[in-house]
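Q: Please take a close look at one part of this model, namely a long helix and its packing partner. I should also like to see how that part relates to the nonpolar interior and to the rest of the assembly.

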Amino acid sequence: MRIKVIKNGFTMEDAFERLYKRSKHFTIENMDLLFYPYTLIEFDVDYGEKLERLNGKVLCMCDMWRGGYSMAKSKGELVMTDADDNTVMPAKITVEDAIADAPRTIYGEIQKAKRILKIPDINYVRHDSVYKPFFIVECLNDDKEVFHILFDTVTGEYSLLNA
Amino acid sequence: MIGGGVTEYVVLMIYLIGMIGIGVYWAKHSKTSEDYLLGGRKIGSVLTALTLQTTSMSGYMFMGGPAQTYQDGYFTLWYAVGDGGGAIFNVGILGKRMRRLSYYLGCLSPIEYIEKRYPGPATRVIAAAIAICFVYGYVLAQFLSAGKTMSALLGVPLPVAIIIGAGVIVFYTFAGGYLAVAWTDFIQGIVMVCSMVMIFVLAWNQVGGLTGLNEQLTALDPTYTGMWGRGDAYLGQWGVVAGAVGVYLIGYMGLPHVVIRHMAMESPKLAKQTVVIATVWNQMFIFIPYIMGLMGILLLPQLDPAKGGDPEMVVLELAYMLLPGVLAAIVLVAIMSAIMSTADAQLMLMGTMLGRDIYQRYINKNATDKQLMSVSRICILVVGVISIIIALIRPPGVFDLVVFSFSTLGSSFLPSYVGAVWWKRGNTTGCVASMICGCIVSIIWEAADLAGPTGMHTFFIGIIVSIAAYVIGSLVGKPPTKEMQDMIDRAACKTKIPAGFATVNYKDIAPETNGVLTFLKDSNYMEERGFQPV
């Protein structure tokens, strides 16, 4: 299937290098891509203070698998790519629900940043369904036991999958 | 009636409104069934420790425990010894491994966990039947306790007290789900421990410290300070002592509404911190009510049942004797907190079991996440309302059945929960045998009142029979599959993670990590892409 993805900052080789820098006591046996679903939603926010960071065009990123929201600075570089169906995680949240729920996060962020008296106007502008590529990395320790790592190809962060 | 003044009403109302507020707040944050039923498995160590301990401690700690000490003297501290170490046993033995295994098995309820670890139709039916009957019994008992306490302390008619007390519990559990339950438990835990410490310090000075307390008790009756109870009532009965220590030391590991707390932990790594926090909270809270019972013998002789007094009022009478009005009213709130923190967890579990284990298993196998969440919510509301109605009617006999819920649940489930993560050979035959034997023996022992004549506590005999049945059944039955045994090994984390990776914890991708794990378990990605199962 053809999907829109956030462009990789880290290739497989970069991931190899980054992981081996952390430890030498393992070998990588297998590595493959998995695409995680998000929706980038743009809102027009107005609470009267034009120079503030969260006033004007605001981007909210919705995790379409778990339903979490976070503010995004920019869309990043988006590219179209072909992906095998079974490497693309399906969305569990509908775009309509995401658009309806996201303003609550924006309102929360505004309140965290600044005490405001006016209830902000938050108007939906557009959305983009995108995927973030992750590497699933299968490793063997010195005793030849398997463990897995999830590697974020955009930020280079990683975590143990079965810890 | 002890309270009943304007101060008590105002403090209690502020507290109840606060609880409702927490329910409303978390109602907006539960988007998936995992959020609603398990707090999205993102409960930190402090919250886990406090919700675990407050769920374990019911109103008994403020009323029943001190009353028992008032009558039996130091003997009752056997229960406190067990309770004090209960958190270490519970989290230390089950915490980390159960969190991992429940995650690998993709379980949202403690019954589903039993069912998936010990697959088979008999496991499912028996576990659900025992849990639903006895946890429901527990809910009823707590609702009635909440009503009775409010009524006795404020002079409100019992039906009104039940509707208000239980109604608030039903509301915030229904609205906010697990997160509301956990946060209300957290606040309730702080109120409980602060109020207890406050009265304790003042009462301690009144009796002249531990030396003064012991000297005066010995002067009254030397057996008060003995280890066999007043008048040496339990002389040489080691079975009763073992039951008294064991019932709380290991008993909580068999209670579904308590062990579900392990499943909701943010990470298995939090188990160690949770043990420390829960143990500290325990040491501050557990021994105090029992010792206050001893102080009550000296400071409140009028509460002796022989003189027509009610020793269950020890803590409250001490509060009103030693504290100014507002602080005494907070103690009243603390008693309600103890009851509510147990009741909400049980009600939440009822909703989880009816939604996940009954509705999604038998009625609508293809239920969407939203449907499951709605059905669980409705079940909580329906069970809550029915419980309030039954508590108002109080049919004869119902409450006699629920008093031994603790022993029955503990005996039925403890070997299966512990064996699930510690014994790879533990299998369906063992699990079914232990649930049936533990449950039946507990019921017979209690119904025939055999604890007195045999000198064997119900929990003690129930757990011995249940463990024996689990071991024999597991040795006779077919071993678990290789896949299950591997999973248990992984839950034990026997794979040595290279030092560099063991400490990796990028919080930014933690949500995605959990999401990816769920996807990998539910899909055939790993198999198709040539990976070993995760």
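A: The account below begins with the helix pair and then turns to the core, a lysine, the interface and a strand pair. The model is predicted.

The part in question is helix 8 of chain B, residues 158-207, together with helix 12 of chain B, residues 271-285. Their axes lie 9 Å apart and make an angle of about 40 degrees. The crossing of helix 8 of chain B past helix 12 of chain B is left-handed. On the side of helix 8 of chain B, the residues that meet the partner are B:G189, B:M192, B:V193, B:M196 and B:V197. Helix 12 of chain B answers with B:W281, B:M284 and B:F285. Sorted by class, this contact holds seven nonpolar residues, one polar residue and no charged residue.

Helix 8 of chain B also matters for the account of the interior. The largest nonpolar core has 185 residues, and those touching the most other members are B:V139, B:F143, B:M292, B:V331, B:V333 and B:M350. Helix 8 of chain B provides the largest share of this core, 25 residues. Beyond its neighbours within four places in sequence, B:V333 is in contact with B:V11, B:L12, B:Y15 and B:V191. A separate core of 47 residues lies apart from the largest one and includes A:F35, A:I41, A:Y69 and B:I497.

A charged residue in another helix can be set beside this. B:K116 belongs to helix 6 of chain B, residues 110-117. Because B:K116 has 19 C-beta neighbours inside 10 Å, while 20 are needed for a buried residue, it counts as partly exposed. Residues up to four places away in sequence aside, B:K116 touches B:L105 and B:C107. Its C-alpha atom is 9.0 Å from that of B:S102, which is 14 residues away in sequence.

As for the assembly, 33 residues of chain B are in contact with 35 residues of chain A. On chain B, helix 23 (499-502), helix 24 (510-522) and helix 25 (525-528) each supply at least two residues of the side that touches chain A. Helix 24 of chain B gives the largest share, eight residues. That side of chain B comprises 15 nonpolar, nine polar and nine charged residues.

In chain A, strand 1 (residues 2-6) runs antiparallel to strand 5, and five bridges join them. Within this pair, A:I3 stands opposite A:T81 of strand 5 of chain A. Strand 5 of chain A, residues 78-82, lies largely in the open, because zero of its five residues are buried.

Definitions and conventions
Residues are numbered from 1 along each chain as its sequence is written. Chains are lettered from A and ligands numbered from 1 in the order in which they are written. This is a predicted model: local features need pLDDT of at least 70, side-chain atom pairs count only at pLDDT 80 or more; totals for chains, interfaces and linings use all residues. Two residues are in contact if their C-beta atoms, placed from the backbone, lie within 7 Å. Helices (H or I, at least four residues) and strands (E, at least two) are DSSP runs, numbered from the N terminus. Ala, Val, Leu, Ile, Met, Phe, Trp, Tyr, Cys and Pro count as nonpolar, Asp, Glu, Lys and Arg as charged, and the others, Gly among them, as polar. Axes are lines fitted to C-alpha atoms, for helices over the stretch in contact, and angles run from 0 to 180 degrees between N-to-C directions. A crossing is left-handed if the near helix is turned anticlockwise from the far one by less than a right angle, and right-handed if clockwise. A residue is buried if 20 or more other C-beta atoms lie within 10 Å of its own, exposed if 12 or fewer, and partly exposed in between; C-beta atoms are placed from the backbone. Two strands pair if DSSP finds at least two bridges between them. A nonpolar core is a set of buried Ala, Val, Leu, Ile, Met, Phe, Trp, Tyr and Cys residues joined through C-beta atoms within 7 Å.
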